[in-house]
Amino acid sequence: MICEIYVKCQLYLYLVFGNIIQSIIRFQGKYTEENLNKQKNGYIEVLMAKLEYNKHYFETTNPHIYDNSELREPQIQGYYKVYEHFIVRNKKNTHAIVILPTGVGKTGLMGLLPFHICEGRALIITPQLTIKDAVVDSLDPENPESFWYKRKIFDRIDETPTLVEFSGGMKNEILDAANIVVLNIHKLQARLRKSPLNYLPKDYFDMIIIDEAHHSTANTWVETINHFDKAKIVKLTGTPIRTDGVELAGELVYKYKLSQAMAKGYVKSLRNIEYIPEQLLLTIDKDETKQYTVEQLLELGLRDEDWIRRSVAFSKECSESVVKESIKLLENKRRDTSKVPHKIIAVACSIAHAEEIKQLYIEKGYRAEVIHSKQMPEKQDETKQDVENHRLDVIIHVAMLGEGYDHPYLSIAAIFRPFRSELPYEQFIGRVLRVIPDGEVEKTDDNIAE
């Protein structure tokens with residue numbers, strides 16, 4: 001597996017060509033493990049990768065935060081509230097909780113948090129690959145559009161932190177060079193031989209930043225926090241309630257409300273159109289011959305997980321009504337030959353259900369596609385690229401784009417299944433809140449999600 005390594009410091013590779021020639025090659029910038037591990041039949045073998053590591057980087061480097069007009073209000077305020085918690089109040093053993101709505105700059109805040117708070121390395125843990133990729137891309141010093149330069153935190157690459165995206169089997173010399181390590185939570189499972197929990201010392205990280213922290217009930221999260229038990233823990237989330245309904249452990253140090261984000265224009269405003277067919281009927285177990293009202297389903301005593309496992313969905317007649325109404329809203333946004341490529345994002349309860357919805361849109365002349373976790377990564381990437389390049393009008397997802405997927409032209413949320421709890425509903429609605437850039441807005445309602 002190729003892992004990208006982001007290195008701003010000097011890297012000296014001692015290479016042996018045969019057993020005769022030794023040379024030193026100096027690199028700077030972005031590398032892949034593939035570059036560092038040439039096959040023997042390529043005549044070059046990497047013997048050592050030595051990277052200079054500045055343990056005091058976060059303590060001695062001064063990013064432009066305080067009077068930076070390019071930063072958003074919750075990024076500045078959130079940073080100083082966490083600084084106050086750990087440094088001013090010296091509550092290093094109490095987890096700091098930060099609540100931010102989608103689209104206000106959470107990834108940028110994660111990049112800022114270690115400065116003058118962390119005394120060593122920082123670890124950023126993400127709950128899924130989509131979010132991990134977005135974090136790495138945003139904090140990549142080699143990316144000219146990265147947070148560091150776009151928000152004028154730093155002017156030069158040599159000022160930025162060394163970022164390493166963790167991959168199983170990565171050499172210690174590479175990991176040891178990092179100021180920030182980013183990894184997906186699945187890499188931390190102790191049962192995996194190459195898990196960092198099995199070979200990194202307990203004091204390896206001084207700060208751990210947990211993204212989408214409402215997932216932190218799983219054993220892997222708990223094992224990680226217990227292993228690196230001296231680290232300062234920051235939990236970022238859109239909700240203080242965990243997925244099992246229990247409040248997050250720690251102290252709430254900062255909360256930025258969605259209404260504040262809308263008022264500042266950080267996210268779209270939300271027009272809550274409660275379109276409900278004349279009679280809302282649901283099906284269960286993919287059986288269209290039996291239909292139920294919401295009240296009848298509740299009387300069945302279904303557990304929360306049953307609403308997904310048993311494919312509770314709108315009946316076909318109800319789905320057709322939602323398709324018709326969502327298209328009406330889409331065409332209204334696209335009126336007057338608007339150049340803004342507004343799109344619909346829909347949520348289904350199962351793959352089969354999603355395919356049925358896709359056909360309903362296609363029958364009405366709209367380009368639609370399904371994305372779900374059972375697809376090959378190549379297919380998922382292809383579908384995402386079709387969305388990004390405006391080759392689709394509708395994207396229907398099944399437990400795939402609930403968190404971490406951001407496309408500003410998703411403006412209409414079409415719901416084809418009931419939500420038994422608020423959290424997944426809020427995450428889905430968050431996908432249509434990403435703001436369209438001012439320079440592209442043509443009408444006042446372009447930045448109003450529906």
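**Aromatic pairs and a parallel sheet**

A search of the whole structure, which is a predicted model, turns up 14 aromatic pairs. Let me begin with Phe147 and Trp148, which form an edge-to-face pair with 5.5 Å from centre to centre and 65 degrees between the planes; both Phe147 and Trp148 are buried. A second edge-to-face pair is made by Phe205 and Phe228, at 5.2 Å centre to centre and with 80 degrees between the planes. Here Phe205 belongs to strand E8 (residues 205-210), while Phe228 sits in the loop between helix H8 (219-227) and strand E9 (232-237), so this pair ties together parts that are 23 residues apart in sequence. Phe205 is buried, with a relative accessible area of 3%, and Phe228 also counts as buried, at 1% relative accessibility.

Returning to Phe147 and Trp148, ring pairs link these two with Tyr57, Phe58, Phe115 and Phe154 into a cluster. Elsewhere, Arg121 lies over the face of Tyr204, 4.0 Å from the ring centre.

Now to the sheet. Four strands, in the order E16-E17-E15-E18, form an open sheet with parallel pairing. Strand E16 (368-372) and strand E18 (410-415) stand at its edges with a single partner strand each, so one side of each is left without a neighbour in the sheet. On average, and ignoring direction, neighbouring strands are turned by 25 degrees against each other. E16 pairs with strand E17 (residues 394-398) over five bridges in the parallel sense, and Ile395 in E17 is the bridge partner of Glu369.

Finally, the helices: helix H14 (residues 377-388) packs on the sheet, touching E15, E16 and E17, and its direction makes about 140 degrees with that of E16.

How values were computed. Residues numbered from 1 in each chain as written. Predicted model: local features only at pLDDT ≥ 70, side-chain atom pairs only at ≥ 80, totals over all residues. Heavy atoms only, no water. Phe/Tyr/Trp six-rings, centres within 6.5 Å; stacked < 30°, edge-to-face > 60°. Buried < 20%, exposed > 50% of the residue type's maximum accessible area, 1.4 Å probe, protein only. Helix = DSSP H or I, 4+ residues; strand = E, 2+ residues; numbered from the N terminus. Lys NZ or Arg CZ within 6 Å of the ring centre and 35° of its normal. Pairing = 2+ DSSP bridges. Axes fitted to C-alpha atoms, helices over the stretch in contact; angles between N-to-C directions. Contact = heavy atoms within 4.5 Å.
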